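Please look over the structure below. The briefing after it takes up one helix, its packing partner and one strand residue.

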Amino acid sequence: MKSTILAIVGPSGSGKTTLAEHLKHELNIPVIVSYTTRPIREGEVNGKDHHFVSEQDMPPHEEMLAYTKFGDYHYWSHISQVPENGVCSYVIDEKGLLKLWENFDQDYNIVPILIKRDESILSKTVDPERLKRDKLRVTIEDAAYKAIIVNNGTLEEFQKQAVQTIQTLI
């Protein structure tokens with residue numbers, strides 16, 4: 001049996017990390033925490049939000065599950081982070097998802113999930129520089145995703161809808 005990776009994609013501030021953490025607590029789905037060379041932001045926790053490391057800590061690309069460079073910083077995860085014969089979630093950008101499909105589609109059941117949120121909400125809650133960088137991201141057609149979850153309501157509505165959606169996919 002192949003391991004399943006719930007690949008959670010969406011713009012900055014859409015709720016990707018919130019969803020992954022909720023799935024961890026609600027459905028006992030572990031989260032792949034990516035490594036990054038970018039500085040830690042205020043409020044982030046090393047090992048929870050990312051593993052914050054230097055470029056010298058980067059493994060060879062053949063040991064990476066996914067890799068992307070975004071905003072002049074490297075982001076990746078390691079193949080060893082995928083649980084054997086289980087389900088995990090992974091917050092990833094579109095470029096990383098494309099590489100994941102390209103390199104590991106035969107090895108894992110990759111379930112891409114898109115989180116959408118109205119720009120009017122994002123513009124009130126996300127740093128303008130991050131929103132500007134998001135405009136440079138690769139785009140993937142909505143039809144490529146197994147599920148699209150809209151996060152424009154309350155946190156509770158988002159979490160409830162997400163859990164119901166995810167349960168139908170795993």
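What follows covers a helix and its surroundings, then a single residue in a strand.

This is a predicted model, in which local features need pLDDT of at least 70 and side-chain atom pairs count only at pLDDT 80 or more, while totals for chains, interfaces and linings use all residues. Residues are numbered from 1 along each chain as its sequence is written, and side-chain values use heavy atoms, with hydrogens and water left out.

**Helix α1**
- The end C-alpha atoms of helix α1 (residues 16–27) are 16 Å apart, which agrees with the 16 Å expected for twelve residues at 1.5 Å a residue (1.5 Å times one less than the number of residues).
- Buried residues in α1 include Leu 19, Ala 20 and Leu 23 (buried means under 20% relative accessible area, with a 1.4 Å probe and protein chains only).
- Among the elements covering these buried residues are β1 (3–9), β8 (108–116) and α5 (155–169).
- Asn 28, just after α1, has a positive phi of about 60 degrees.

**Packing of α1 and α5**
- The axes of α1 and α5 are 10 Å apart, and the two helices pack at an angle of about 65 degrees.
- That angle makes α1 roughly perpendicular to α5 (65 to 115 degrees).
- Residues of α1 including Leu 19 and Leu 23 meet residues of α5 including Phe 158 and Ile 166.

**Thr 68**
- Thr 68 belongs to strand β5 (residues 64–70), and counts as buried because its relative accessibility is 7%.
- Beyond its neighbours within four places in sequence, Thr 68 is in contact with residues including Tyr 73, Asp 93 and Lys 95 (contact means heavy atoms within 4.5 Å).
- Lys 99 is 31 residues from Thr 68 in sequence, and their C-alpha atoms are 8.6 Å apart.

Terms used: Helices (H or I, at least four residues) and strands (E, at least two) are DSSP runs, numbered from the N terminus. Buried means under 20% relative accessible area, exposed over 50%, partly exposed in between (1.4 Å probe, protein chains only). Axes are lines fitted to C-alpha atoms, for helices over the stretch in contact, and angles run from 0 to 180 degrees between N-to-C directions. Angles under 35 degrees count as roughly parallel, over 145 as roughly antiparallel, 65 to 115 as roughly perpendicular and the rest as oblique.
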